[in-house]
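Hi everyone, thanks for coming. Today I'd like to walk you through the inside of a protein, and its rings in particular. Let me put it on the screen.

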Amino acid sequence: MLKWIVLAIVLIIVLLAAIVLIRACMMKPTEALNATIEKGDPKRSRQYGERLSRMIQCETVSSRFEDDKTKFYDFHKVLEELFPNIHKNCEKHVFNGSLLFKWSGKGKGDPILLMSHQDVVEANGTWEHPPFSGEIVGENIWGRGTVDTKGSLFCLLTAVEELLKEGYKPQCDVYLASSCTEEFSGEGAPLTVKYLKEKGVKLGLLIDEGGMIMSEPIPGVKGTYAMVGVLEKGYGDVKFTAKGTGGHASAPGKNSPWARLAAFINDVEKHHPFRVEFSQTVLEMFRRLTPNMSFGMKVIFANLWLFKPVLKKVMPVISPAGAAMLQTTIAFTTGKGSEGLNVLPQEAYVTANLRFIPHQPTDESIALISEKAKAYNLETSVIYKDYPCPVVNYKGEQFAKVEQTIHELFPGIGVSPYIMTGGTDAKYYKDICADCIRFAPLSITKQQYESIHGLNENISMNVLPKGVDFYKAIIQKS
């Protein structure tokens, strides 16, 4: 009997292995594997590059601790020079430095809103080219904001500027928005949304910053893809406080505030408390990316029906970015204890930044981490929280419009929905728009992607014409 049981087990293993390999082999590479993106017309690219350079030369670093908006109003003057038709033909509204334009259409169809923020983060460190020089070296424009996000802001404004010059009249109202407080989740977008709500505006489509066009968007995935964000996680800042008796550091007792905080942090790092799930969006992303994966990865991702439980365990180890799409994340960020170097604190705290996944949303995740903190006699207080945004249907009309436009302008490249792990201004618009898509139609390299909020941010001027044409096509299809 034992012999037959062993034989049956062996046969099952062989059969499973055969099924797994056959499914992987059936996944044939797609056009995206060898897709190339044509360079824009050199003359047009150069013209656009020089105009974008002027925008980069305006230092528009934002800070929640700075109320003076003079630099943004100076930036607006440059925009008036670069885009005179917009300023002549569109309604302009300014909300303490944040911009909103309305281009009135023929009144047919729901209005759309194209947006990209004008503020940037600070530019510390030593750069190859000064961060606010807008230097053009070869085909590249250098400076803070070229990728995040004055590049896409330039493209959407140029699209409308040129359509106005051609005498085009849109079918629906077209709004253009640009916050000056996006980098610290400030008042710009909320004030804009408040105004639109007061006017009774309901948007049919919103396109904000988000995914871009990249080769090998995930390690092991070959080919060129447009990654289109369809979901933004919720955001939270939480404070964990430990109290004690204090005292002199020369005679420390056990279980001090810092010791309990350290043990708590270590526990969270080693035993992540949040549930890992493959959402339909993530499954669809892997379905679209799998054909161009390396064979080893293809074996796994073509057979998620078998390997999903294993991936839930190992994904946080092998890919933090991938894991962030599957669960709520927590990152410990700041801390404070006593003022004296030789004094035990009577009270110490750490803060943590959380990004909430829809299957374990804001309040549930906070309750879960608060319960874990209690085991270390820590008090939990919420500094700020918001909620995950509604998921854009990747089978819906608006996603299809964006996908079709990408295929028309960038033949052969793949298009995939994905979950945004960072934050955008689009989250504030969820009450007035069901389809908030996060995508900037610009092709960037790995170095350019890594330069976002880092050193040596730059972009090729050759990608700007396609970016302009993308926004034109979206307007003309709406």
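**Rings and cores**

Let's start with two phenylalanines: F83 and F154 are both buried. Please keep in mind that we are looking at a predicted model.

How many aromatic pairs are there? The count comes to 13. In one of them, the ring centres of F83 and F154 are 6.2 Å apart and the planes meet at 55°, so we call this pair tilted. Now look at where the two partners come from. F83 is in the loop between α3 (70-82) and α4 (84-89), while F154 belongs to helix α5, so the pair ties together parts that lie 71 residues apart in sequence.

F83 has a charged visitor too: the charged end of R51 sits over its ring, 5.5 Å from the centre. You can find a similar arrangement at F75, where the charged end of K150 sits over the ring, 4.8 Å from its centre. And if you like groups of rings, F240, F264, F332 and Y376 make up one aromatic cluster.

Next, the nonpolar cores. In soluble globular proteins, nonpolar side chains tend to be buried together. Here the largest nonpolar core has 63 residues, and those with the most contacts inside it include M55, L464 and F470. Which helix gives the largest share of this core? Helix α5 (residues 150-165) does, with 9 residues. Apart from this core lies another one of 23 residues, among them L231, V276, M285 and F301.

Finally, zoom in on L464. Leaving out residues up to four places away in sequence, L464 touches Y48, G49, L52, I141, G151, F154, C155 and L442. So there is F154 once more, now as a contact of L464. Thanks for listening!

Key: Residues numbered from 1 in each chain as written. Predicted model: local features only at pLDDT ≥ 70, side-chain atom pairs only at ≥ 80, totals over all residues. Heavy atoms only, no water. Core = buried A, V, L, I, M, F, W, Y, C linked by side-chain atoms within 4.5 Å. Buried < 20%, exposed > 50% of the residue type's maximum accessible area, 1.4 Å probe, protein only. Helix = DSSP H or I, 4+ residues; strand = E, 2+ residues; numbered from the N terminus. Contact = heavy atoms within 4.5 Å. Phe/Tyr/Trp six-rings, centres within 6.5 Å; stacked < 30°, edge-to-face > 60°. Lys NZ or Arg CZ within 6 Å of the ring centre and 35° of its normal.
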